[in-house]
Amino acid sequence: YMSNLMKFLAVVLMVGASGIAKADYDLLQKKNCFACHAMDKRKYGPNFKEISVRYGTDKNAVNVIAQKIKAGGSGVWGLDMMPPQPQVTDAEAVTLSKYILSIK
């Protein structure tokens with residue numbers, strides 16, 4: 001319990017006053033995003049902070065990331081491959097994408 005609380009508090013501090021809800025962080029957990037990604041450390045795939053930095057200036061970033069979540073992809077981060085996530089709805093993919101882009 002304490003570990004999850006500490007993770008949540010760290011996210012709250014990182015996200016700050018951006019208005020991103022705890023529910024969005026919970027969706028990352030529910031959809032098992034943390035199996036391959038972490039907030040600011042490399043795991044099997046790029047961390048969320050890296051993704052936010054790479055796509056942060058792209059005006060279509062929300063849609064690009066949402067599409068990658070749904071369809072998967074490879075070649076953007078070297079040999080890392082993102083498997084498709086068909087269990088994620090289109091709306092959830094957009095919510096996750098917006099959340100990831102809010103991480104600074």
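This passage describes the charged and aromatic side-chain contacts of a predicted model.

A convenient place to start is Lys31, which is found in the loop between α2 (22-30) and α3 (48-55). Although lysine carries a charged side chain, Lys31 has a relative accessibility of 14% and therefore counts as buried, the limit being under 20%. Leaving aside residues up to four places away in sequence, Lys31 touches Gln87, Val88, Glu92 and Leu96. Two of these neighbours deserve a closer look. With Gln87, the approach involves the backbone: a polar atom of the Lys31 side chain lies 3.3 Å from the backbone oxygen of Gln87. With Glu92, Lys31 forms a salt bridge in which the closest N and O atoms are 3.2 Å apart. Glu92 belongs to helix α5 (residues 90-102), whereas Lys31 lies in the loop between α2 and α3, so this pair ties together parts that are 61 residues apart in sequence. Both partners, Lys31 and Glu92, are buried.

The Lys31 pair is one of four salt bridges counted in the model. In general terms, side chains of opposite charge can pair when their charged atoms come close. Another of the bridges joins the side chains of Arg42 and Asp80, with an N to O distance of 2.9 Å. Here too, distant parts of the chain are linked: Arg42 sits in the loop between α2 and α3, and Asp80 in strand β2 (residues 78-82), 38 residues apart. Arg42 is partly exposed, with a relative accessible area of 42%, and Asp80 is likewise partly exposed, at 22%.

A further salt bridge connects Lys70 with Asp90, the closest N and O atoms being 3.6 Å apart. This pair links helix α4 (residues 61-71), which holds Lys70, to helix α5, which holds Asp90, across 20 residues of sequence. Lys70 counts as partly exposed at 24% relative accessibility, while Asp90 is exposed, with a relative accessible area of 57%.

Turning to the aromatic residues, the structure holds three aromatic pairs. The ring centres of Tyr25 and Phe34 are 5.6 Å apart and their planes meet at 50 degrees, so this pair is tilted. Tyr25 is buried, with a relative accessible area of 4%. Phe34 also pairs with Phe48, this time edge-to-face, with 5.9 Å from centre to centre and 80 degrees between the planes. Phe34 is in the loop between α2 and α3 and Phe48 is in helix α3, 14 residues apart, and the pair thus links distant parts of the chain. Phe48 has a relative accessibility of 2% and so counts as buried. Taken together, ring pairs link Tyr25, Phe34, Phe48 and Tyr99 into a cluster.

Charge and aromatic ring also come together at Trp77: Arg54 lies over the face of this residue, at 3.8 Å from the ring centre.

Viewed side by side, these contacts return to the loop between α2 and α3. This loop contains Lys31, Arg42 and Phe34. Through these residues the loop is joined to Glu92 in helix α5, to Asp80 in strand β2 and to Phe48 in helix α3.

Terms used
Residues are numbered from 1 along each chain as its sequence is written. This is a predicted model: local features need pLDDT of at least 70, side-chain atom pairs count only at pLDDT 80 or more; totals for chains, interfaces and linings use all residues. Side-chain values use heavy atoms; hydrogens and water are left out. Helices (H or I, at least four residues) and strands (E, at least two) are DSSP runs, numbered from the N terminus. Buried means under 20% relative accessible area, exposed over 50%, partly exposed in between (1.4 Å probe, protein chains only). A polar contact is a pair of N or O atoms within 3.5 Å; within protein, one must be able to donate a hydrogen and the other to accept it, and residues adjacent in sequence count only if both atoms are side-chain atoms. Contact means heavy atoms within 4.5 Å. Rings of Phe, Tyr and Trp (its six-membered ring) pair if their centres lie within 6.5 Å; planes under 30 degrees apart count as stacked, over 60 as edge-to-face and the rest as tilted. A charge sits over a ring if NZ of Lys or CZ of Arg is within 6 Å of the ring centre and within 35 degrees of the ring normal.
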